[in-house]
Structures are given as C-alpha cells and as structure tokens.
Amino acid sequence: MTTARLFLYREPEIPWLRMADVGMHLLKNLGRMQISVRDEFVAHHLTGGARDSILSHFRVPDPEETPGPRPTRSGPFFDGPRLAARLAAMLAKGERGKTNLHLIPFPEALVRWDETASVHRAVDVVPAEVVLVSVAGLGKDGDWQSRRIFHDLVIGGVYQYFTGEKSCEDPRCFLHFGGDRLRMNSREWIACDRHRTMVRDRLHP
Ligand SMILES: [Zn+2]
C-alpha cells in the first residue's frame, strides 16, 4: 500500500511559522501519511538567488478592490495559480504526481484571475500540485490565532487539492465556505462523509 507524501517547506520570511507543528496538525486530522519538512522551496530546488527574479514575473498590479477573504490585505499581489504552476515545474519527477503534495507558505498576498468578472480576486489558498498558502493579513508575529487560521487554511488546501473541489453543497462541510477564512476559523472543522472519503482514498490509495 502506498501512502501519500506531503512536503512542507520552511519559509525564512515567516519565522513564526513552525512547519513541524503544521505537520503534526495534519497527522492528527488526516491520519497516517509521510511528511517531510524542508527548507525554503526555491533554495531547495534552485541554486543561487533566483527567488526574487522568479517572483517578479508573477507580480500583478494591486486590484482596485480585493473582494474575497477578509481581512483585506495590502500588496504586493502575486498571481497564485501561475506562480504555483511555475514552482511545480521545478519539482523532481519522482516527487510529482497524484500522491505527492508540496505545501509552501507564502509571505505576500495572492490573487487568482476571475474570468467571469475579469478581475483579480484575493485568495488565501491556491490548491495546485504546489499548494500556496498566503499569510498576508495574519499577524506578523504569529499569535496563536494566526497559527490556528494557518492550520485551517492548510487543511483546506489539502482537501481542495486532493478532492479537486473548491466548495461543497453540504452546509455542515467546511468546504461549503470555500476559502472564507473567517467562517473556516470556527472551533472545529468538519468535512462531509463524501469529501472525507475522497481525501482518505487519495492519502491511502
Ligand atoms: Zn463536503
């Protein structure tokens, strides 16, 4: 039986975030899986100081308004889905594929392009092969509440990536609220049976 592998990356710009704690939170809530904690993503996969030059390609103008998750965050803003795809292309072949998930905390604000409205919208989580979780808008020193919100966002990102769904019709399911961090930040998150089964099957195929 294979087990999903989750790679968590430390981000030096977010020193308060302890990825080992995030890993413990995932194990507690999602059950047995292989978790590795690594140093900064770009440093791990690229030599030299390529980070800023890569990021500069994905900077977008500040949206006039940033509807979406609260609290409202300030720039700079980066195109989350395009950045995630670029970072995924750096992964080693053996660490790609459906049973691998790479999770990177991102210090700045993220947006995605909303085609129907032709605007960029702020998002907390980009659920792609490389899951980006933005800490923009969270306390700079990482109080307990910021940590808890981050943990919830990570679980949300794992669920969204492994199920391929961003929301749920079941109002009791935490995916019902999509990426709304305020509502997700309840005392407990509970996934519906369907989504829990989907994630379990992906974690333990
Ligand atoms: Zn659900």
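Trainee: Where does Pro-12 sit?

Mentor: Keep in mind that we're looking at a predicted model here. Two elements flank Pro-12, namely β1 (5-9) and α1. Its place is the loop between β1 and α1.

Trainee: Is Pro-12 buried or exposed?

Mentor: Count the C-beta neighbours inside 10 Å and you get 9 for Pro-12. The cut-off for exposed is 12 or fewer. So Pro-12 counts as exposed.

Trainee: How far apart in space are Pro-12 and Pro-107?

Mentor: Along the sequence, Pro-12 and Pro-107 are 95 residues apart. Going from C-alpha to C-alpha, the separation is 9.5 Å.

Trainee: What share of contacts between residues at least 6 apart in sequence joins residues at least 24 apart?

Mentor: For context, the protein has seven helices and nine strands. Taking its contacts between residues at least 6 apart in sequence, the share joining residues at least 24 apart is 68%.

Trainee: Which helix gives the most to the largest nonpolar core?

Mentor: That core has 51 residues, and Leu-103, Val-131, Leu-132, Val-133, Val-154 and Val-158 touch the most other members. The top helix contributes nine residues and spans 144-163. That's helix α5.

Trainee: Which residues does Leu-103 contact, leaving aside neighbours within four places in sequence?

Mentor: Leu-103 is one of the core residues that touch the most other members. With those sequence neighbours set aside, its partners include Leu-6, Phe-7, Leu-8 and Tyr-9. The rest of the list is Val-131, Val-133, Val-154 and Gly-157.

Trainee: How are α1 and α5 oriented to each other?

Mentor: Helix α1 (residues 19-30) packs against α5 with the axes 10 Å apart and an angle of about 55 degrees. The crossing of the two is right-handed. Roughly parallel needs an angle under 35 degrees and roughly perpendicular needs 65 to 115, so α1 and α5 come out as oblique.

Trainee: Which residues of α5 make the contact with α1?

Mentor: On the α1 side, you'll find Val-22, His-25, Leu-26, Asn-29 and Leu-30. The residues of this contact divide into six nonpolar, three polar and no charged. From α5 come His-151, Val-154, Ile-155 and Val-158.

Trainee: And α5 with α7, how are those two oriented?

Mentor: Helix α7 covers residues 193-203, and its axis comes within 9 Å of the α5 axis. They cross at roughly 80 degrees. The window for the next label is 65 to 115 degrees, so α5 and α7 are roughly perpendicular.

Trainee: How many charged residues are in the contact of α5 with α7?

Mentor: Tyr-159, Phe-162 and Thr-163 of α5 meet His-195, Met-198, Val-199 and Arg-202 of α7. Four of the residues in this contact are nonpolar and two are polar. The charged count is one.

Trainee: What is the phi of Ser-118?

Mentor: Most residues other than glycine have a negative phi. Ser-118 lies in the loop between β6 (109-114) and β7 (119-123), and is exposed, with 7 other C-beta atoms within 10 Å. Although not a glycine, Ser-118 has a positive phi of about 55 degrees.

Trainee: Which residues does Asn-100 touch, not counting those up to four places away in sequence?

Mentor: Asn-100 belongs to strand β5 (residues 100-106). With 16 C-beta neighbours inside 10 Å, Asn-100 counts as partly exposed. Its C-alpha is 7.7 Å from that of Phe-7, 93 residues away along the chain. As for touching, the partners of Asn-100 are Arg-5 and Glu-95.

Notes:
Residues are numbered from 1 along each chain as its sequence is written. This is a predicted model: local features need pLDDT of at least 70, side-chain atom pairs count only at pLDDT 80 or more; totals for chains, interfaces and linings use all residues. A nonpolar core is a set of buried Ala, Val, Leu, Ile, Met, Phe, Trp, Tyr and Cys residues joined through C-beta atoms within 7 Å. A residue is buried if 20 or more other C-beta atoms lie within 10 Å of its own, exposed if 12 or fewer, and partly exposed in between; C-beta atoms are placed from the backbone. Helices (H or I, at least four residues) and strands (E, at least two) are DSSP runs, numbered from the N terminus. Two residues are in contact if their C-beta atoms, placed from the backbone, lie within 7 Å. Axes are lines fitted to C-alpha atoms, for helices over the stretch in contact, and angles run from 0 to 180 degrees between N-to-C directions. Angles under 35 degrees count as roughly parallel, over 145 as roughly antiparallel, 65 to 115 as roughly perpendicular and the rest as oblique. A crossing is left-handed if the near helix is turned anticlockwise from the far one by less than a right angle, and right-handed if clockwise. Ala, Val, Leu, Ile, Met, Phe, Trp, Tyr, Cys and Pro count as nonpolar, Asp, Glu, Lys and Arg as charged, and the others, Gly among them, as polar.
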